[in-house]
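Hello,

Here is the structure I promised to pass on to you. Please have a look at it first, and then read on for what turned up in it.

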Amino acid sequence: MTAASPETIVSIEGLRKSFGQVEVLRGVDLKVGKGEAVVIVGSSGSGKSTCLRCINRLEEPTAGMIRVGGQEVTGPKVDLDKLRRGIGMVFQGIHLYPHKTALGNVTLALRKVVGLGKEEAEAKARHHLEVVGLAHKADAYPAELSGGQQQRVGIARAMALEPQVMLFDEPTSALDPELVGEVLNVMVRTKEMGMTMIVVTHEMKFARDVADRVVFMDHGAILAEGTPQEILVNPQHQRIRDFVMRSH
Ligand code: ADP
Ligand code: MG
């Protein structure tokens, strides 16, 4: 954790996850401080997505403890709806309602999840569309938006709910190369606004430029973590060197 982030927002201790006989998380420990951006990198199948999905209980951990904002996520009596309200998630695929406009998508979340009235929800939704640079697309339907714009609406929708942490799982992987930058720029903005973020990405430049800390996952465990410089520029492990070489 950096000195500027004294408060722990996400705390993961001894996280294990098995699918049947296969152990895909083998004891993950990770703490993320308020306002910190942690980027998780690692080969396909190393358990990055499973780790993120355990944080909002889209996957049931087999063992270990996760806390978000001091609240225990693991444990039998957790109100999952309440928990997930505090955790924004943006995936690789795009998950907008096709029959709702950009504004409608963000407004709906605020009305249904937060319970805001129509006017207040719309005003807030417009603000968040503006933050992602899409005020002028408020009335467009998803089919009228590029993949990058749709992903930005998804980020606006998640951010509008004022989550304690935003989880990004390869948010640009499904996009045409020319649309990747606009989504990464919005993520930079999100970080600049002080949001706590855990980002799984193959965008090494983003990781180098934006991450406060880079975590390298290997076979279901954290092999190394440190500054982008330590992990991505001067890696000490051969496995990470190989990964970085392949990522260029
Ligand atoms: P990554 O995101 O790093 O590519 P994942 O977390 O998606 O890795 O997957 C880690 C391992 O867990 C992989 O071997 C994958 O096949 C396996 N896995 C993921 N989800 C499931 C599931 N629902 N059932 C069985 N195996 C799974
Ligand atoms: Mg994945």
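Helices (H or I, at least four residues) and strands (E, at least two) are DSSP runs, and they are numbered from the N terminus. With that numbering, Glu162 falls in the loop between helix 5 (147-160) and strand 7 (165-169). I will come back to Glu162 further down. Please keep in mind throughout that this is a predicted model.

First, the overall picture. The protein has 9 helices and 10 strands. Its radius of gyration is 18 Å, close to the 18 Å that the globule rule gives for 248 residues, so the protein is as compact as a globular protein of that length. The C-alpha trace spans about 50 × 45 × 40 Å along the principal axes. Of the 248 residues, 50% count as buried. The protein exposes about 11,700 Å², and 49% of that area is supplied by carbon and sulfur atoms. If we take the contacts between residues at least 6 apart in sequence, 67% of them join residues at least 24 apart.

Next, the ligand. Which residues are around ligand 1? They are Phe19, Val24, Ser43, Ser44, Gly45, Ser46, Gly47, Lys48, Ser49 and Thr50. By type, this shell divides into 2 nonpolar, 7 polar and 1 charged. Helix 1 (residues 48-55) gives the most to the shell, with 3 residues.

Some of these residues place polar atoms by the oxygen atoms of ligand 1:

- Gly45 has a backbone N or O atom 2.7 Å from an oxygen atom of ligand 1.
- Ser46 has a polar backbone atom 3.2 Å from an oxygen atom of ligand 1.
- Ser49 uses its side chain, with a polar atom 2.9 Å from an oxygen atom of ligand 1.

On its own, ligand 1 has 570 Å² of accessible area, and the protein covers 56% of it.

Now to a loop that I would like you to look at, the one between strand 8 (197-200) and helix 7 (204-210), where Thr201 lies. His202 lies in the loop between strand 8 and helix 7 as well. Is Thr201 buried or exposed? Thr201 has a relative accessible area of 5%, so it is buried. Leaving aside neighbours within four places in sequence, Thr201 is in contact with Val39, Ile40, Val41 and Phe206. The side chain of Thr201 also has a polar atom 3.0 Å from the backbone nitrogen of Glu203. For a sense of distance, Thr201 and Arg189 are 12 residues apart in sequence, and their C-alpha atoms are 17 Å apart in space.

His202, by contrast, is partly exposed, with a relative accessible area of 37%. Not counting residues up to four places away in sequence, His202 touches Gly42, Glu170 and Phe243. With Glu170 there is a polar contact of 3.3 Å between the two side chains. His202 and Glu13 are 189 residues apart in sequence and 25 Å apart in space, C-alpha to C-alpha.

That brings us to Glu170, in the loop between strand 7 and helix 6 (177-192). Its relative accessible area is 15%, so Glu170 is buried. The backbone of Glu170 deserves a glance too. Most residues other than glycine have a negative phi. Glu170 is not a glycine, yet it has a positive phi of about 45°.

Here Glu162 comes back in, since its phi is also positive, near 50°, in a residue other than glycine. Where Glu170 is buried, Glu162 is exposed, with a relative accessible area of 54%.

One last residue to find is Ser11, which sits in strand 1 (residues 8-19). At 6% relative accessibility, Ser11 counts as buried. Apart from neighbours within four places in sequence, the residues in contact with Ser11 are Leu30, Lys31, Met65, Ile66 and Arg67.

If you want a place to begin in the viewer, try the side chains of His202 and Glu170 with their polar contact of 3.3 Å, and then go to the residues around ligand 1, Gly45 and Ser49 among them.

Best wishes

Note on methods
Residues are numbered from 1 along each chain as its sequence is written. Chains are lettered from A and ligands numbered from 1 in the order in which they are written. This is a predicted model: local features need pLDDT of at least 70, side-chain atom pairs count only at pLDDT 80 or more; totals for chains, interfaces and linings use all residues. Side-chain values use heavy atoms; hydrogens and water are left out. A residue is near a molecule or strand if one of its heavy atoms lies within 4 Å of it. A polar contact is a pair of N or O atoms within 3.5 Å; within protein, one must be able to donate a hydrogen and the other to accept it, and residues adjacent in sequence count only if both atoms are side-chain atoms. Accessible areas come from the Shrake-Rupley method with a 1.4 Å probe; for residues, only the protein chains shown count as cover. Ala, Val, Leu, Ile, Met, Phe, Trp, Tyr, Cys and Pro count as nonpolar, Asp, Glu, Lys and Arg as charged, and the others, Gly among them, as polar. The radius of gyration is taken over C-alpha atoms; the globule rule is 2.2 Å times the number of residues to the power 0.38. Buried means under 20% relative accessible area, exposed over 50%, partly exposed in between (1.4 Å probe, protein chains only). Contact means heavy atoms within 4.5 Å.
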